[in-house]
Amino acid sequence: MAYVAIADRDHHLHDPTTFIEKYVWSQDHKVIAIQYGSVAIFVGLIALVLSLMMRLQIGFPGTFTFITPYKYYEFVTMHGMIMVIYLLTALFLGGFGNYLIPLMCGARDMVFPYMNMLSFWVYLVSVIVLLSSFFVPGGPTGAGWTLYPPQTVLEGTPGSQWGIVLMLASLAIFIVAFTMGGLNYVTTVLQARCRGMTLMRMPLSVWGIFVATILGLLAFPALLVAAIMMLLDRLIGTSFFMPALLSLGEQSGHEGGSPILFQHLFWFFGHPEVYIVALPAFGIVSDLLSTHARKNIFGYRMMVWAIIAIGALSFVVWAHHMYVSGMNPYFGFFFATTTLIIAVPTAIKVYNWVLTLWRGDLQMNIPNLFAIGFIFTFVHGGLTGLFLGNVTVDLPLSDTYFVIGHFHMVMGVSPVMVLFGAIYHWFPKLTGKMPNEILGRLHFWMTFLGTYAIYLPMHYLGILGMPRRYYAYGQTDFIPGSAHAVNEAITIAAIVVATAQVVFLINVFYSLWKGKPAGSNPWRATTLEWQTPQTPPVHGNWGPKLPVVYRWAYDYSVPGEKDDFIPQNEPPKGHHSLG
Amino acid sequence: MLPAMLIAMLTAITVWWLLIQQLKEKPWTKQGVVPTSQETIWTSAPKVGLWVFLAVVSSLFGLFASAYMMRLHDAHGSLKSWQPLDEPSLLWINTVILVLASGAMQIARTRADRDDFDGLRRYFTGAGVLTVAFLVGQVLAWVQLNAAGAYGPGNPAYAFFILLTATHGLHMVGGLVVLGRTASRVWRGVAKLNVVGRSRIRQSVQLCTLYWHWLLLVWLGLFALLLST
């Protein structure tokens, strides 16, 4: 019950005793975070392999005969959907949200632990349903991750028999899981902060996760509505989205639905989804940069307001994904304007990250490398977004490799850089061991340089006019031979980046086994999770007494102080501790 | 997308208003102040959780309504398959039943607040029975429409009618599950419960009441939407 989350206690209340209670049907937010994280990384690796298959086909067309056009489109679709929903959303909110919110807010757990546990298991069901589509007749859907009707449902599209049904069912199940988790995250932040933890003393990681969760709770219903209506179109012949048309020479049973309606619903979810992924990354990277630059975050209040402003604006930009679908020109103008306005709070954040680093005592350890790497990739991805946000520039660039380069830089590589930085940063708290430095650096440089080698050339391919979603290009006049050579190089870089992820996995397991003991606060950080009595924190997090917070989360290098950091729960001089 | 945008905007304004109270703080200038009291917070967590859930539910129905209106707009334009329904008059009776259920829930709540647990039992049960009657009535409305025979899944007006009423009904069923759990605790005997047990029952009844009122509002909105076409 809710009171468990924030009560002081002098005995172990409802602590799990059996293996099953502790590690399987666990209601402990930290175990649930690890469960979420493990499943998300597992499906993420599957999506990574799928992307390699795609790249092998594009780089060396005709060489790998097992990659048929049919399979190619299945790989494209599953790669996209898994990465966006089942990896990034699940890992940031289900993984880091679960781990960090109670620890950073000074709570013992989430306010509804049972529902939190259910959230993970329902998420697992959604993943199983999704992956089962690889084994049904016709395979998974190959309609592209946007699942646009009418082709998604029509014969001839891969997976139009069962694949699409399982995909839509899986998404609906995922949304149920997310809602259960999301209710917990929001309510815990609002209700279970320890004494002294005002909203404006919360670390930016919590702010990012908090606002992203609100976005998710309001935006995922759009995907649910779209999924339910498309399921009905597919299964019982309604015509919400399916127009009257001829399919394979025969009249389809549909009577004139609106495919554009699906696009509106999908992108009303789809664009906030970008920020559902990005806002936690913004928050976490702020904490990483501040901690490892030994400086307070520059412009904390502006950072909070920027997170809120970005969250609000993200609901009024969706149709910039639909410029080529045809719309009233005034709408195009409106959505281009809102899209450019959202760049303002985003730019504020970028400036503040750079100014946080300015004249800082930079500790160039692995988390900081990834955090600084994020600033580079995000600025690149963000700037190309300005091109695509303008209607007139978007039209020729739409559906080219420029778009692939843009969105992978801004919402693929950038959040993943933060994810890795965060994993390295909190690995010592999670396991009590330090990650291996050499393997970590190798992982960073291979990933950072490798992803640039993949995505930067794609912008040039896009400007050449090379269309995306093609299985093979053949001999086409407007695509010069050099473009094919670039594609080969991109594929080789992709293989290098994929190999780097093996280095990461080796590092995780090796450090778990032989890592140096971390101690309770190896990064000398101020936030509450580093002040737990035990490392890794035990069930209930805080021992008999909850922490009391006396200051904000960014007291680094305060002039006149002995240490270059002051934990949030350290009383000011002359005060007695209330904890 | 207008209703959805409206809901998003309303939520944003509410969140803004709540946050503005606290976001003026300059955290780097203040140290040592302990402004929150942990003893008072936890009791309202389930209530906050429910409000957040109601925001999700509203977003869901708002988006359904947006889809309905956009599809209807298309029907007036290029897509002609929309054939307006002749809604069964039974829906009016169902609406009255749901209003009564909501009213019964409100009286149950006031009885619980007064520690009148006999009254609570009576009105709580009444609200449950009326809600079941509403759901049965909705199914009968489907049967009536079906018997009319003129509508198939290809008519979006008919498909939307079934979809919206079914989604609303499912939310009511979810509410009935919670109501059933609370009712079973009430029936097992409130006299044996201590102060904390009683206050929990009171809170459950409060939350059920809020949920019922909210779903009544949602239904009134949906009903108006269905009738307007």
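Where in chain A does A:R294 lie? In this predicted model, A:R294 is placed in the loop between α7 (259–293) and α8 (300–313). Its backbone stands out. A:R294 is not a glycine, yet its phi is positive, at about 55 degrees. Most residues other than glycine have a negative phi. The surroundings of A:R294 were also examined. There are 16 C-beta neighbours inside 10 Å. A:R294 is therefore partly exposed, because a residue needs 20 or more such neighbours to be buried and 12 or fewer to be exposed.

A positive phi is also found at A:N541. This residue is not a glycine either, and its phi is near 65 degrees. A:N541 belongs to the segment after α15 of chain A. Is A:N541 buried or exposed? Within 10 Å lie 23 other C-beta atoms. The cut-off for a buried residue is 20 or more, so A:N541 counts as buried.

The peptide bonds were considered next. Most peptide bonds are trans. Against that background, two cis bonds are described here, taken in turn. A cis peptide bond joins A:P149 to A:P150. Its omega is about 5 degrees. A:P150 sits in the loop between α4 (113–132) and α5 (163–191) of chain A.

The other cis bond runs from A:T535 to A:P536. Here omega is near -10 degrees. A:P536 is found in the segment after α15 (481–514) of chain A. A:N541, with its positive phi, is likewise placed in the segment after α15.

Conventions: Residues numbered from 1 in each chain as written. Chains lettered and ligands numbered in written order. Predicted model: local features only at pLDDT ≥ 70, side-chain atom pairs only at ≥ 80, totals over all residues. Helix = DSSP H or I, 4+ residues; strand = E, 2+ residues; numbered from the N terminus.
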